[in-house]
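This report describes the domain arrangement, a pocket, two helix pairs and some local backbone features of one protein chain. The sequence and the structure are shown first.

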Amino acid sequence: MVDTGDGQAPVAGALGPFLDWIVENSRGELPPIAFTELDELIDSANATPESWCTIARILYERRADHHGFVVLHGTDTMAYTSSALSFLLPNFGKPVIVTGSQIPITRTRSDGRQNLIGALQVAGRPDVGEVTLLFGEVLLRGNRATKVDASGLDAFDSPRFPPLAEIGIDIVVNHSLGRPLDGEPGLTAGRLGNVAAVRLFPGFSASILTNLCRPPLQGLVLEAYGAGNGPSHDKEFLAAIEAATSQGMVVVVVTQCVRGSVQPGAYVTGSALMHAGAVPGFDMTCEAALTKLAVLLGQGLDTATVAEIMQRDVAGELTVHSVVERSLT
């Protein structure tokens with residue numbers, strides 16, 4: 001990012017010299033790097049699902065050439081990209097660290113250098129073989145991270161899952177949280193499904209859902225109250241969900257709360273959503289649910305299969321607690 005008359009914007013060629021300087025002056029503490037800059041640099045607020053696929057293709061094509069990868073990314077949609085990459089690159093088996101900064105790295109007082117150096121050090125390790133997000137003093141699973149502060153330097157957190165590593169004087173990895181590989185590295189960065197997310201609020205109109213749940217939309221993430229609850233007395237609202245699911249749309253319920261999980265069957269108001277055809281997203285973040293749904297729908301799977309996989313952990317994105325398992329049986 002550099003200053004322009006209308007604010008800060010990315011400029012091609014501005015970052016490369018700083019990266020070279022940081023590595024050259026690290027006294028051998030950082031690994032050598034190969035730097036690739038996309039042809040069109042964008043603010044992450046302009047990122048699209050195709051942006052996720054472009055990054056995934058580059059990483060997959062160069063997987064055999066490097067020990068690890070660092071993706072430098074704007075903070076606004078960083079959690080969406082880190083979540084998407086975890087599903088687009090199954091069993092990648094090498095470190096992919098998504099990071100960035102709140103203050104541009106070219107500024108004197110920037111958190112970017114610390115984040116970049118930490119990311120490069122993690123990328124050189126053999127014990128973090130998945131997509132992660134590094135910011136400040138924590139390394140988070142990519143599909144568990146969410147942005148929690150618009151201006152603070154500890155901008156990202158993982159409220160529903162512990163950090164994979166603490167980035168302090170030493171980098172301390174919690175190996176018990178790592179995921180074993182369960183197949184060959186793959187790439188699912190083809191066509192992604194058309195999905196959306198909507199947040200419930202008191203007085204939510206059923207007409208919003210009716211107008212939203214039309215082709216080409218294929219999937220919807222519903223950010224519900226508490227443990228996955230909605231307005232069970234609103235028959236038009238429930239009818240809109242039932243109409244959408246009966247026509248082949250996958251509706252996934254996640255919680256608006258910072259912590260906790262959807263618990264189907266715990267409340268009548270939550271059961272009503274499930275009876276209308278929605279499925280629980282348990283403790284997935286909205287970012288993880290949205291990107292996972294887009295990737296699955298893009299594979300051409302039938303609705304029932306997508307709905308079933310959305311309730312199953314595939315990349316460390318959700319935890320099904322025993323109380324929830326009992327409620328489903």
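## Domain organisation

The chain is divided into two parts, domain 1 (2–177) and domain 2 (195–311). The model is a predicted one. Between the C-alpha centres of domain 1 and domain 2 the separation is 30 Å. The two domains touch one another: 14 residues of domain 1 are in contact with 14 residues of domain 2.

## The second largest pocket

Where is the second largest pocket placed with respect to the two domains? Its lining takes at least three residues from domain 1 (2–177) and at least three from domain 2 (195–311). The pocket holds about 460 Å³ of space, and 24 residues line it. Nearest its centre lie Ser86, Pro90, Asn91, Val314 and Ala315.

Two elements, α3 (78–88) and α8, each give two or more residues to this lining. The greatest contribution is that of α8, with 3 residues. By class, the lining of the pocket comprises 12 nonpolar, 7 polar and 5 charged residues.

## Packing of α8 against α9

Helix α8 (residues 286–298), which contributes to the pocket lining, also packs against helix α9 (residues 303–310). The two axes come within 10 Å of each other and cross at roughly 150 degrees. The crossing of α8 with α9 is right-handed.

On the α8 side, the contact is formed by Ala289, Lys292, Leu293, Leu296 and Leu297; on the α9 side, Val306, Ile309 and Met310 take part. Of the residues in this contact, 7 are nonpolar, none is polar and 1 is charged. The charged residue is Lys292 of α8.

## Packing of α1 against α4

A second helix pair consists of α1 (residues 16–24) and α4 (residues 112–123). Their axes lie 12 Å apart, and the packing angle is about 65 degrees. This crossing, too, is right-handed.

Which residues make the contact between α1 and α4? From α1 come Leu19, Ile22 and Val23, and from α4 come Arg113, Leu116, Ile117 and Leu120. The class count for α1 with α4 is 6 nonpolar, no polar and 1 charged. Here the charged residue is Arg113 of α4.

## Local backbone features

Asn91, one of the residues nearest the centre of the second largest pocket, has a positive phi of about 55 degrees although it is not a glycine. Asn91 is located in the loop between α3 and β4 (96–99).

A cis peptide bond is found between Pro215 and Pro216, with omega at about 15 degrees. Pro216 belongs to the loop that runs between α5 (206–212) and β12 (219–224).

## Surroundings of Val172

Val172 is part of strand β10 (residues 171–173). With neighbours within four places in sequence left aside, the contacts of Val172 are with Leu164, Ala165 and Glu166. Val172 and Leu139 are separated by 33 residues in sequence, and the C-alpha to C-alpha distance between Val172 and Leu139 is 9.7 Å.

Notes: Residues numbered from 1 in each chain as written. Predicted model: local features only at pLDDT ≥ 70, side-chain atom pairs only at ≥ 80, totals over all residues. Heavy atoms only, no water. Axes fitted to C-alpha atoms, helices over the stretch in contact; angles between N-to-C directions. Helix = DSSP H or I, 4+ residues; strand = E, 2+ residues; numbered from the N terminus. Left-handed = near helix turned anticlockwise from the far one by under 90°. Contact = heavy atoms within 4.5 Å. 1 Å grid on protein atoms, 1.4 Å probe; cavity = no way out; pocket = protein on both sides within 12 Å on 5 of 7 lines; lining within 4 Å. Points joined across faces, edges and corners; volume = space filled by probe spheres on them. Domains from an automatic or database assignment.
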